[in-house]
There are 10 protein chains.
Amino acid sequence: MLYCVRMDVRVPHDVDPDRFAALKAAEKARAEELQRAGTWRHLWRIAGQYANISVFDVASHDELHEVLSTLPLFPFMEIEVTPLARHPSAID
Amino acid sequence: MLYCVRMDVRVPHDVDPDRFAALKAAEKARAEELQRAGTWRHLWRIAGQYANISVFDVASHDELHEVLSTLPLFPFMEIEVTPLARHPSAID
Amino acid sequence: MLYCVRMDVRVPHDVDPDRFAALKAAEKARAEELQRAGTWRHLWRIAGQYANISVFDVASHDELHEVLSTLPLFPFMEIEVTPLARHPSAID
Amino acid sequence: MLYCVRMDVRVPHDVDPDRFAALKAAEKARAEELQRAGTWRHLWRIAGQYANISVFDVASHDELHEVLSTLPLFPFMEIEVTPLARHPSAID
Amino acid sequence: MLYCVRMDVRVPHDVDPDRFAALKAAEKARAEELQRAGTWRHLWRIAGQYANISVFDVASHDELHEVLSTLPLFPFMEIEVTPLARHPSAID
Amino acid sequence: MLYCVRMDVRVPHDVDPDRFAALKAAEKARAEELQRAGTWRHLWRIAGQYANISVFDVASHDELHEVLSTLPLFPFMEIEVTPLARHPSAID
Amino acid sequence: MLYCVRMDVRVPHDVDPDRFAALKAAEKARAEELQRAGTWRHLWRIAGQYANISVFDVASHDELHEVLSTLPLFPFMEIEVTPLARHPSAID
Amino acid sequence: MLYCVRMDVRVPHDVDPDRFAALKAAEKARAEELQRAGTWRHLWRIAGQYANISVFDVASHDELHEVLSTLPLFPFMEIEVTPLARHPSAID
Amino acid sequence: MLYCVRMDVRVPHDVDPDRFAALKAAEKARAEELQRAGTWRHLWRIAGQYANISVFDVASHDELHEVLSTLPLFPFMEIEVTPLARHPSAID
Amino acid sequence: MLYCVRMDVRVPHDVDPDRFAALKAAEKARAEELQRAGTWRHLWRIAGQYANISVFDVASHDELHEVLSTLPLFPFMEIEVTPLARHPSAID
């Protein structure tokens, strides 16, 4: 099942830069791993913002929550989840 | 270039049903045509709402406006456009 | 899978009363049918408003959309859908 | 009487991790205790967010406030309370 | 139990004046009746707006909904309900 | 003259607990004093939130500002003021 | 006492032009009368909008409501009222 | 002096098409006239919406209001005005 | 030219009290100076909030920005600027 | 292609002044460089706020994101991007 997920990353100005850099590296690795697994199906950068619009393909809400809440940057994210159904005019 | 576009259709309760049905049919045909052309790359229904999240692939803002503003249901839509850049962690 | 759904019914002041009364009766019958089927698991009235908070149990986003979008009062509703995962502190 | 309560937990990035872990453990124990008592009737995780939608069954607003305001994580929560009445189409 | 209720009356510009005048008269009579019964404990006009802030004293959410939803002007109202608990610094 | 005042108390997580406890005690004493004086006519706790809805009876905006801005917890409050006029349907 | 009042006039597109023109003329006459009386102390047009920011000088909330609610265009207005106290740095 | 002005055109679904077409033609002519006069310095279409972002160069707020409020489509517009000052890093 | 300016002062709870007291004193002196110069024409306190509604009379947006951005408390302010034109019903 | 970009700079009150001053100087230099290159086509100060409205002329969303996200003050900015298409009434 597909979910559109918007993630806005809020970086506190006084966060420890090294700690945050490590989290970002872990986030990147995890994102690549989830894309290869087909879970993270689309990942686009919102132009001009530290935010992304993504589409996840998972079997349940529980799985979605597990994937999102274990992302290294999850504690710094505002997340909006929109469940996507099949559109009657979609040809694929 | 990719644009994420959210379209919420607002149907006035006193609209002429036949007129609206004709517009919906024209909208469906146009959406299918644009998908076959690769312009309308993704079209998903927001579960529970008369709304969709789409991704368009066009060459310019002008082309995007031309495509959206000539959709048969355009006069009944609230539209939000978000330009999408390449995400540094995207593997495709 | 569970979805929390908030439905606010907006009744235009100039709607045909008989037509709306018929829709309300059909809505009530459909709601009862869906509850007996276990699909519409909880249905509560928001005190003081023509709105409800419900919990639906369906197999997919598509099924949720099918159920909601075919409700007789759907054209008069503002709907908000929140996917519910299992809470780590839930005992049931 | 039933209340729908949404709780969003806001964790400051510079909070003492040990202190917060202890609060979370106390919160979990208290939540389980209230569920066994029938006070905290439903507890669902909002997929993708550190937030929950719950239904409380208490005798009065005072009791609701007592229960919520003494939750260990209360100081870190944004809470929204919606009183729930019986819906005329509810079959239970 | 006490509920703070804000009611904003939205009068469509093309409503039938006589019909609305009759509803207003019925609303006034009903409000006076509920105040004499002690149900509608406080009723204040928000200065400058066709709106009021009220405090209701009823036994349950169901009773509150029954009282509000049967007000003659209910179909023209936006209503916000806030449950009021006892304040620890209140002396009465 | 009557004013409806909503006060939301925002407690920074890293505030000095002793300092804040002293402010709360002073706030409670001041609130009781103002209630006895008839200035602070109603004080209700919003169930589930560190907030209250109050009604003040003072002679002018200046007096209202003096009373509110000198409350010990004023620096931690978000305040909303609504002037209340006599309602034509009020029987008291 | 002073109140800052913002008035946004919402003109339905299908209102009877003659009726509305008559209301506007009556509004203008009433505004001039209130200004001469010193009640409507300041009246400024918000550049680019059918809206104004005004300052009223009246003795009570009741008087403010009486003045505003009897304005000919009141039924077409969204009104926001802000009570103004004396500023400690004001020199007049 | 420069003002950034955002104009969103709201077209009621039941407006007389001929009347609106005439207004649009008059709007276009007026916009071209104002651009030639240097008053309407920039006029851009917001991609995907019946809205524009413009920059006006006029001598005063009064002149701005005169220009905007006499636009043929003014009654169908939501307008937001932002006064623009010289930016310290602007090189022109 | 006249501008209506709303200033909300946000005082961080952990700001250095002495530093802030000095800024407030400087702000007061500057405000009095600008009022004597006729630039700061009206200065009213919003009753119940650390905020003011003011009217400035300056020759241009640049001058307005210069005046506001050099106010000692500018870094702690949320500011909203509304350009004021002459109202057709204003008698002064 | 043109993008309208609004940038609001949020300066934490406890940021290191020297660090921030260095960032501001770097920002100014970069802004001038981008303007000379024709990328940053318009840069206006929003009167009364630490914010600007700009127009960028770049070849793609990716280039826009690269330019904005590498601005020295990017970490302290809230950014809103609006793609601009050619307006049918624009004469240039």
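## Exercises on a predicted multi-chain model

Chain A can be laid on chain B by a turn of 180° and a shift of 0.0 Å along the axis, with an RMSD of 0.0 Å. The two copies are thus related as by a two-fold rotation axis. The model is predicted. The exercises start from this pair.

**Exercise 1. Describe the fold of chain A by its elements, their order and the box its C-alpha atoms fill.**

Step 1. Count the elements. Chain A has two helices and four strands.

Step 2. Read along the sequence. The pattern is β-α-β-β-α-β.

Step 3. Take the box along the principal axes. For the C-alpha atoms of chain A, the box is roughly 50 × 25 × 20 Å.

**Exercise 2. Work out through which surface chain A and chain B meet, and what the interface buries.**

Step 1. Count the residues in contact. Chain A gives 27 residues and chain B gives 27 residues.

Step 2. Compare the two sides. Of the interface residues of chain A, 100% are also interface residues in chain B, so the copies meet through the same surface.

Step 3. Take the buried area. Between them, chain A and chain B bury about 2,400 Å². Carbon and sulfur atoms account for 65% of that area.

Step 4. Look for salt bridges. The rule finds zero across the interface of chain A and chain B.

**Exercise 3. Find the symmetry that relates chain G to chain H, then describe their contact.**

Step 1. Superpose the copies. A turn of 72° with a shift of 0.0 Å along the axis lays chain G on chain H, at an RMSD of 0.0 Å.

Step 2. Name the axis. The two copies are thus related as by a five-fold rotation axis.

Step 3. Locate the axis against chain G. The C-alpha of G:D14 is the one in chain G nearest the axis, 7.6 Å from it.

Step 4. Count the contact residues. Seven come from chain G and 13 from chain H.

Step 5. Take the area. About 720 Å² is buried between chain G and chain H, with 58% from carbon and sulfur atoms. On the chain G side, G:H13, G:A47 and G:G48 lose the most area to chain H. Together they make up 71% of what that side buries.

Step 6. Count salt bridges. Between chain G and chain H there are zero.

**Exercise 4. Decide whether two further pairs touch or stay apart: chain B with chain G, and chain D with chain J.**

Step 1. Contact needs heavy atoms within 4.5 Å.

Step 2. Chain B and chain G do not touch. Their nearest C-alpha atoms are 15 Å apart.

Step 3. Chain D and chain J have no contact either. Their closest C-alpha atoms lie 15 Å apart.

**Exercise 5. Count the salt bridges over all chains and place one of them in its helix.**

Step 1. Opposite charges can pair when the charged atoms of their side chains come close.

Step 2. Over all chains, the count is 50 salt bridges.

Step 3. Take one pair. C:E33 and C:R30 meet in a salt bridge, 3.0 Å from N to O.

Step 4. Place the pair. C:E33 and C:R30 are three residues apart in helix α1 (residues 17–36) of chain C, so about one helical turn separates them.

**Exercise 6. Characterise the second largest pocket by volume, lining and class.**

Step 1. The volume is about 580 Å³.

Step 2. The lining has 24 residues. C:E80, C:V81, C:T82, D:R6 and D:I53 lie nearest the centre of the pocket.

Step 3. Assign elements. Those giving two or more residues to the lining are β4 (77–86) of chain A, β1 (2–9) and β4 (77–86) of chain C, and β1 (2–9) and β4 (77–86) of chain D.

Step 4. Sort by class. The lining has 13 nonpolar, five polar and six charged residues.

Note on methods: Residues are numbered from 1 along each chain as its sequence is written. Chains are lettered from A and ligands numbered from 1 in the order in which they are written. This is a predicted model: local features need pLDDT of at least 70, side-chain atom pairs count only at pLDDT 80 or more; totals for chains, interfaces and linings use all residues. Side-chain values use heavy atoms; hydrogens and water are left out. Copies are superposed by least squares on the C-alpha atoms of residues with pLDDT of at least 70 in both. On a 1 Å grid over the protein atoms alone, a cavity is a set of points where a 1.4 Å probe fits but cannot get out, and a pocket is an open set with protein on both sides within 12 Å along at least five of seven lines; lining residues have an atom within 4 Å of a point. Grid points are joined across faces, edges and corners, and a volume is the space filled by probe spheres set on the points. Ala, Val, Leu, Ile, Met, Phe, Trp, Tyr, Cys and Pro count as nonpolar, Asp, Glu, Lys and Arg as charged, and the others, Gly among them, as polar. Buried area is the accessible area (1.4 Å probe) that two parts lose on being put together, summed over both. A salt bridge is a side-chain nitrogen of Lys or Arg within 4 Å of a carboxyl oxygen of Asp or Glu.
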